[in-house]
Amino acid sequence: MQQSIFNLACRILTVGSRKVVSYESPIPTGVKIYTCNHGLTLDPLYFYNLMGNPVILATQMAFDMPIVGPVLRGCEFIPVPIKRGGPDRHECYIRAVEALMFGRSLFTCPEGRLTTPTSFNKAKTGVVRMAMQTHVPIVPIGVRHVGKICSRIIGVGGHRDVMKYMLWGTSYIRFG
């Protein structure tokens with residue numbers, strides 16, 4: 001049920017954008033880890049269905065939201081703790097590896113936070129470690145959004161962050 005709600009939300013929230021999808025090379029069959037740069041808060045919504053509905057690693061803040069949180073939990077997505085290090089981060093890693101081992105593909109943004117076209121964050125090593133541990137291929141995804149980009153400060157559970165989204169425009173999505 002939650003999966004259907006999430007799929008519908010993907011379509012509704014990205015209805016104002018045109019998607020131009022290209023493939024650098026054929027996508028491997030079977031389980032895989034999709035990784036992507038992270039320009040907009042709602043990036044996974046733009047191409048979730050193209051990836052075959054993978055498990056998404058998302059910020060804990062999204063799971064704390066009243067309507068969004070239950071849907072994400074129902075889809076068996078994995079919360080990434082806001083605070084770096086510690087046992088909660090280790091639990092997140094273990095859950096991601098288990099999802100891969102049980103035949104679910106995974107989607108994550110290894111930089112861990114929003115970037116701009118000219119500034120990038122240092123990628124974390126978890127994706128490579130997961131791929132080595134499970135022998136699952138990594139499929140990089142490059143995304144560039146051109147259009148009306150909006151931002152808004154959001155706060156949940158004492159944490160504040162910037163949410164960036166695109167009302168209308170074109171999303172250039174390149175797999176591989």
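Tutor: Accessible areas come from the Shrake-Rupley method, with a probe of 1.4 Å. On that basis, the chain in this predicted model exposes about 10,000 Å², and carbon and sulfur atoms supply 59% of this area.

Student: What makes up the chain, and in which pattern do its elements follow one another?

Tutor: The chain has 6 helices and 7 strands. Along the sequence they are arranged as α-β-β-α-β-α-α-β-α-β-α-β-β. Of its 176 residues, 41% count as buried. Among contacts between residues at least 6 apart in sequence, 68% join residues at least 24 apart.

Student: Why is the pair of Glu-24 and Arg-174 called a salt bridge?

Tutor: The cut-off is 4 Å between a side-chain nitrogen of Lys or Arg and a carboxyl oxygen of Asp or Glu. For Glu-24 and Arg-174 the distance from N to O is 2.5 Å, which is within 4 Å, so the pair is a salt bridge. Glu-24 belongs to the loop between strand E1 and strand E2, whereas Arg-174 belongs to strand E7, 150 residues apart from it.

Student: Is Arg-174 buried, partly exposed or exposed, and how do you know?

Tutor: Arg-174 has a relative accessibility of 41%. Buried requires under 20% and exposed requires over 50%; Arg-174 meets neither condition and therefore counts as partly exposed.

Student: How many salt bridges does the whole structure hold?

Tutor: A search of the whole structure finds 2. Besides the pair already discussed, the side chains of Glu-76 and Arg-104 meet at 3.6 Å, N to O. This value is also within 4 Å, so the name applies here too. Glu-76 is in the loop between helix H4 and strand E4, and Arg-104 is in the loop between helix H5 and strand E5, 28 residues apart. Arg-104 has a relative accessible area of 25%, so it is partly exposed.

Student: How do you know whether Cys-36 is in a disulfide?

Tutor: A disulfide requires two cysteine sulfur atoms within 2.5 Å. The nearest cysteine sulfur to that of Cys-36 belongs to Cys-109 and is 5.1 Å away. This distance exceeds the cut-off, so Cys-36 is in no disulfide. Cys-109 is in no disulfide either, and the count for the structure comes to 0. Cys-36, at 4% relative accessibility, counts as buried, as does Cys-109, at 13%.

Student: Why is the pair of Tyr-23 and Phe-175 called stacked?

Tutor: Rings pair if their centres lie within 6.5 Å, and planes under 30 degrees apart count as stacked. The centres of Tyr-23 and Phe-175 are 5.2 Å apart and their planes stand at 20°, so both conditions are met. Tyr-23 lies in strand E1 and Phe-175 in strand E7, so the pair ties together parts 152 residues apart in sequence. Tyr-23 is partly exposed at 45%, whereas Phe-175 is buried at 1%.

Student: What makes the pair of Tyr-34 and Phe-175 edge-to-face?

Tutor: The edge-to-face label requires planes over 60 degrees apart. The rings of Tyr-34 and Phe-175 have their planes at 85° and their centres 6.3 Å apart, so the pair is edge-to-face. Tyr-34 lies in strand E2, and this pair ties together parts that are 141 residues apart. With a relative accessible area of 4%, Tyr-34 is buried. Tyr-23, Tyr-34 and Phe-175 form one aromatic cluster.

Student: Which residues have the most contacts inside the largest nonpolar core?

Tutor: They are Phe-6, Phe-47, Phe-77, Phe-107, Ile-141 and Phe-175, in a core of 25 residues. Elements giving two or more residues to this core include E2, helix H2, strand E3 and E7. Among the residues that Phe-47 touches are Cys-36, Phe-107, Ile-141 and Phe-175. A second, separate core of 16 residues includes Tyr-93, Leu-106, Met-130 and Val-136.

Student: Where does Pro-137 lie, and what does Pro-137 touch?

Tutor: Pro-137 is in the loop between helix H6 and strand E6. Leaving aside residues up to four places away in sequence, Pro-137 touches Pro-28, Val-31, Lys-32 and Ile-33. The C-alpha atoms of Pro-137 and Lys-32 are separated by 5.2 Å, although the two residues are 105 apart along the chain. At 30% relative accessibility, Pro-137 falls between the cut-offs of 20% and 50%, and therefore counts as partly exposed.

Technical notes. Residues numbered from 1 in each chain as written. Predicted model: local features only at pLDDT ≥ 70, side-chain atom pairs only at ≥ 80, totals over all residues. Heavy atoms only, no water. Helix = DSSP H or I, 4+ residues; strand = E, 2+ residues; numbered from the N terminus. Buried < 20%, exposed > 50% of the residue type's maximum accessible area, 1.4 Å probe, protein only. Contact = heavy atoms within 4.5 Å. Phe/Tyr/Trp six-rings, centres within 6.5 Å; stacked < 30°, edge-to-face > 60°. Core = buried A, V, L, I, M, F, W, Y, C linked by side-chain atoms within 4.5 Å.
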